[in-house]
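These are my notebook entries on how the helices and strands of this chain are arranged. I went through the sheets, then a helix pair, then a single residue.

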Amino acid sequence: MYLQQLNNAIEYSLERGSFNSLNIIENAKNVCVFGLGTYFNEAFSSQDMKKKFHVNLLSDNDPDKWGKTFESIKCIPPYELTNYESLVVIIMLGNPVPVEKQLKDLGIQFIYHVNLMLDEIMNIPRSRGWFMKEIDDIKKVYSLFHDDRSKKIYVNGLCNRIAPAFSELTWEELFCDEEQYFYQEYFKFHSNETFVDCGSYTGDTILKFCDIVKKYKEIWGFELDKDNFDQMVSNLKNIDGSIHLHNCGVWNENCVLDYGHGSSTNEPSSGISLYKTEPSANNLIQQAQVKRLDDVLKSRNVTYIKMDVEGAEMNALLGAEHIIRTQRPRLSVCVYHKVSDFWQIPLLLNKFNHEYKFVLRHYSKTSCEETVLYAY
């Protein structure tokens, strides 16, 4: 029932190049940032948005800001935006939903700031030739989802990323209030679990696993960043049982890679990514080991793998191909960092093991972040 909507969004995105937000910016004569609050103050200058995205207009719903200038750019009332031709608006608010509706009612094209930054950091391809080659796969994945809710999230989530005008549901309306990573309608846990947490951060997901499962066989935690890893070790020091923590990332080969540490709390993906390797005042470049799960876990009987590795999910899955093919562990994988992960990750897992069933859920009310693919 959502296929026509998906086809319309694909056709529009191919025509406009909107599968990458940077194409929208490049093709616009006027670029406006909407929202001059805390988020704007912390990120607009630090991310050099004026120069990077050719911003020449600002707007806000607060009349006290109208007529004032920020970095020599004038803030205008929202109703004046309709006077500008070839306009795109970057919504820069913690909760963009009300402004999204406001701009839709005015017939104005808009981009979510988080989408824009992810497309830039993850270096999403920008050519129409690339997108055209992906179209058959985008449509093919639709039929892989196990339930209607997943199909709805897949289509409307993609629309919100590549063609917002064709989305029938906001991120808030796609929001799921079930437990992220431990969706027990499809995942049943037992006392013999070997849980592998890729992108363990400070151990929060491992703590949640221990709270839900109580008894388990083993836990393996992998965290790229040294600061996060040290905090995780401290947070998990009282956990009973067999637990193995590794200060390394997961990848499709064993090597040392650069990664961007970031510094701003408002950066997407918490500012840390193997794909964020451009040095700047607010992006500290560090190095870390990355390893293949197939090599580290070897003959372990793995029952559940969670992956939130800031855009490295495809490579990490390639490094776990043997485990996935031979053991078919349950998987929860973040697919929001790269828009192509929406379709490429399910297809890869289906290639590794045709027995998987797929469910898609979304866990943010305000942005594209926290879309999770479950395979069981």
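**Entry 1: the seven-stranded sheet**

I began with helix H10 (residues 204-213), which lies across strand S7 (194-198), strand S8 (218-222), S9 and strand S13 (304-307), and which runs at about 160 degrees to S7. I note here that the model is a predicted one.

I then looked up the sheet itself, and found 7 strands forming an open sheet in the order S9-S8-S7-S13-S14-S16-S15, with mixed pairing. Strand S9 (242-246) and strand S15 (358-362) stand at its edges with a single partner strand each, so one side of each has no neighbour in the sheet. Ignoring direction, I read an average turn of 10 degrees between neighbouring strands of this sheet.

For S7, I asked how many of its residues are buried. The count is 5 of 5, so S7 is largely enclosed by the rest of the structure. I also checked which way its residues point: Thr194, Val196 and Cys198 point to one side of the strand, while Phe195 and Asp197 point the other way, and all are buried. In general, side chains of a regular strand alternate between the two faces of the sheet. S7 and S8 run parallel and are joined by 5 bridges, and in this pairing I located aspartate 197 opposite glycine 221 in S8.

At the other edge, I found S15 paired with strand S16 (residues 371-375) in the antiparallel sense over 5 bridges, where leucine 360 stands opposite leucine 373 in S16. Helix H15 lies across strand S14 (330-334), S15 and S16, and its direction makes about 15 degrees with that of S16.

**Entry 2: the six-stranded sheet**

I next turned to an open sheet of 6 strands, which has the order S3-S4-S2-S1-S5-S6 and mixed pairing. Its edges are strand S3 (69-70) and strand S6 (109-112), each with a single partner strand, so that one side of each is left without a neighbour in the sheet. Strand S1 (residues 30-34) and strand S5 (residues 87-91) run parallel, joined by 5 bridges, and I found cysteine 32 standing opposite valine 89 in S5. Helix H6 (residues 113-121) packs on this sheet by touching S5 and S6, with its direction at about 65 degrees to that of S6.

**Entry 3: helix H7 against helix H15**

I looked up how helix H7 (residues 128-142) meets helix H15 (residues 341-352), and read that their axes come within 9 Å and cross at roughly 60 degrees. This angle makes H7 oblique to H15, and the crossing is left-handed. On the H7 side the contact is made by Trp130, Glu134, Asp137, Ile138, Lys140 and Val141, and on the H15 side by Phe342, Trp343, Gln344, Pro346 and Leu347. I sorted the residues of this contact by character, which gave 7 nonpolar, 1 polar and 3 charged.

**Entry 4: isoleucine 135**

My last entry concerns isoleucine 135, which has its place in helix H7. Is isoleucine 135 buried or exposed? Its relative accessibility is 12%, and because buried means under 20%, I entered isoleucine 135 as buried. Leaving aside residues up to four places away in sequence, I found that isoleucine 135 touches Ile10 and Leu14. I also took its distance to glycine 221, a residue 86 positions away along the chain, and the C-alpha atoms of the two are separated by 36 Å.

Terms used:
Residues numbered from 1 in each chain as written. Predicted model: local features only at pLDDT ≥ 70, side-chain atom pairs only at ≥ 80, totals over all residues. Heavy atoms only, no water. Axes fitted to C-alpha atoms, helices over the stretch in contact; angles between N-to-C directions. Helix = DSSP H or I, 4+ residues; strand = E, 2+ residues; numbered from the N terminus. Parallel < 35°, antiparallel > 145°, perpendicular 65-115°, else oblique. Left-handed = near helix turned anticlockwise from the far one by under 90°. Contact = heavy atoms within 4.5 Å. Nonpolar A, V, L, I, M, F, W, Y, C, P; charged D, E, K, R; others polar. Pairing = 2+ DSSP bridges. Buried < 20%, exposed > 50% of the residue type's maximum accessible area, 1.4 Å probe, protein only.
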